[in-house]
Amino acid sequence: MPWPDHEVRPSFLVLLLTAWAGDPRAVEAAKAKLAGPTPVPATVDWAAAEAVRVAIPDEKLRAAADEMRLPVLLPAEPMLAGTARWASGEGWYGVTMTDAEVSVYLHATTLWQRSPEALPARKGKGEAPVSMTDGIATLSFTRFGVAYFVDVECLADGCDTAARARVLVGELQFVGGRP
């Protein structure tokens with residue numbers, strides 16, 4: 001089903017149907033629509049990160065943090081930070097930490113983009129919105145040009161997961177990483 005270039009583009013369903021029928025323009029348009037926008041690596045503000053670097057005495061933890069190719073944030077609680085287990089790849093890292101009260105997963109990436117449907121960027125400091133799913137609190141934010149999200153699950157009875165997550169995220173410190 002051909003369409004002139006000046007007309008409104010057809011819906012995705014029409015693209016799929018015409019691609020299925022063999023129209024090469026529809027095949028390419030459907031591929032582009034399926035692929036979506038390509039994330040562009042963000043520019044990391046290393047000067048801002050270095051200005052707030054906190055020295056950590058644990059040499060093993062410091063060495064692991066400095067292996068990451070983006071700014072590493074860890075909680076101020078040494079007992080929790082000391083349990084860090086790492087995974088990383090090109091443009092991202094993830095770290096899990098667990099103590100008797102809480103389990104934390106922190107993910108950082110430079111491969112992100114703002115969705116056109118997203119809420120406007122928040123200005124200044126304030127409480128980040130918390131989303132709750134199955135007892136796990138998730139907070140998302142950007143710092144130094146990097147997108148971070150943190151999942152927090154309370155393991156102890158009587159723990160307020162959302163409040164604990166807000167405190168933990170508020171106390172995250174830049175401890176390492178390299179360009």
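## Confidence

This is a predicted model. The protein averages a pLDDT of 81. Of the residues, 69% score at least 70. Residues 1-10 have a pLDDT below 50. Beyond near neighbours in sequence, that stretch makes 13 contacts in the model. Where pLDDT is low, the predicted coordinates should not be read in detail.

## The sheet

Six strands form an open sheet. Their order is 2-3-4-7-6-5, and the pairing is antiparallel. Strand 2 (85-89) and strand 5 (131-133) are the edge strands. Each of these two pairs on one side only. On average, neighbouring strands of the sheet are turned by 20° against each other, direction ignored. Strands of a sheet pair through backbone hydrogen bonds, either parallel or antiparallel.

Helix 6 covers residues 161-170. This helix lies across strand 4, strand 5, strand 6 and strand 7. Helix 6 runs at about 25° to strand 6.

## Strand 7 and its two neighbours

Strand 7 spans residues 146-154. In the sheet order, strand 7 sits between strand 4 and strand 6. Eight bridges join strand 7 to strand 4 (residues 102-109), and the two run antiparallel. Two partners from that pairing can be named. His107 is bridged to Phe149 of strand 7. Thr109 has Ala147 of strand 7 as its bridge partner.

On the other side is strand 6 (residues 136-143). Eight bridges join strand 6 to strand 7, again in an antiparallel run. Here Leu139 has Val150 of strand 7 as its bridge partner. Strand 6 and strand 7 also form a hairpin, with two residues between them.

## Positive phi in two loops

Phe144 is in the turn of that hairpin. Its phi is near 60°, a positive value in a residue other than glycine. At 14% relative accessibility, Phe144 counts as buried.

Asp134 is a second case of positive phi in a residue that is not a glycine, at about 50°. Asp134 is placed in the loop between strand 5 and strand 6. Is Asp134 buried or exposed? Asp134 counts as exposed, at 77% relative accessibility.

## Aromatic pairs

The structure holds five aromatic pairs. One of them is Tyr105 with Phe149. Their rings are tilted, with 6.0 Å centre to centre and 55° between the planes. Tyr105 lies in strand 4 and Phe149 in strand 7, so the pair ties together parts that are 44 residues apart in sequence. Tyr105 is partly exposed, with a relative accessible area of 27%. Phe149 is partly exposed too, at 29%. Phe149 is also the bridge partner of His107.

Phe144 and Phe174 form another of the aromatic pairs. Which geometry does this pair have? The pair is edge-to-face, at 5.8 Å centre to centre with 65° between the planes. The cut-off for edge-to-face is over 60 degrees, so 65° falls in that class. Phe144 lies in the loop between strand 6 and strand 7, while Phe174 lies in strand 8 (residues 173-176), so the pair ties together parts that are 30 residues apart in sequence. Phe174 counts as buried, at 2% relative accessibility. Phe144 is buried as well, at 14%. Trp46 joins Phe144 and Phe174 in one aromatic cluster. The hairpin turn thus contributes Phe144, the residue with positive phi, to this cluster.

## The disulfide

How many disulfides does a search of the whole structure find? The search finds one. Cys154 is joined to Cys159, with an S to S distance of 1.9 Å. Strand 7 covers residues 146-154, and Cys154 is the residue at the end of that range. Cys154 is buried, with a relative accessible area of 15%. Cys159 is partly exposed, with a relative accessible area of 26%. The buried class ends at 20%, so the two cysteines fall on opposite sides of that cut-off.

Key: Residues numbered from 1 in each chain as written. Predicted model: local features only at pLDDT ≥ 70, side-chain atom pairs only at ≥ 80, totals over all residues. Heavy atoms only, no water. Pairing = 2+ DSSP bridges. Helix = DSSP H or I, 4+ residues; strand = E, 2+ residues; numbered from the N terminus. Phe/Tyr/Trp six-rings, centres within 6.5 Å; stacked < 30°, edge-to-face > 60°. Buried < 20%, exposed > 50% of the residue type's maximum accessible area, 1.4 Å probe, protein only. Disulfide = S-S within 2.5 Å. Axes fitted to C-alpha atoms, helices over the stretch in contact; angles between N-to-C directions. Contact = heavy atoms within 4.5 Å. pLDDT = per-residue confidence, 0-100.
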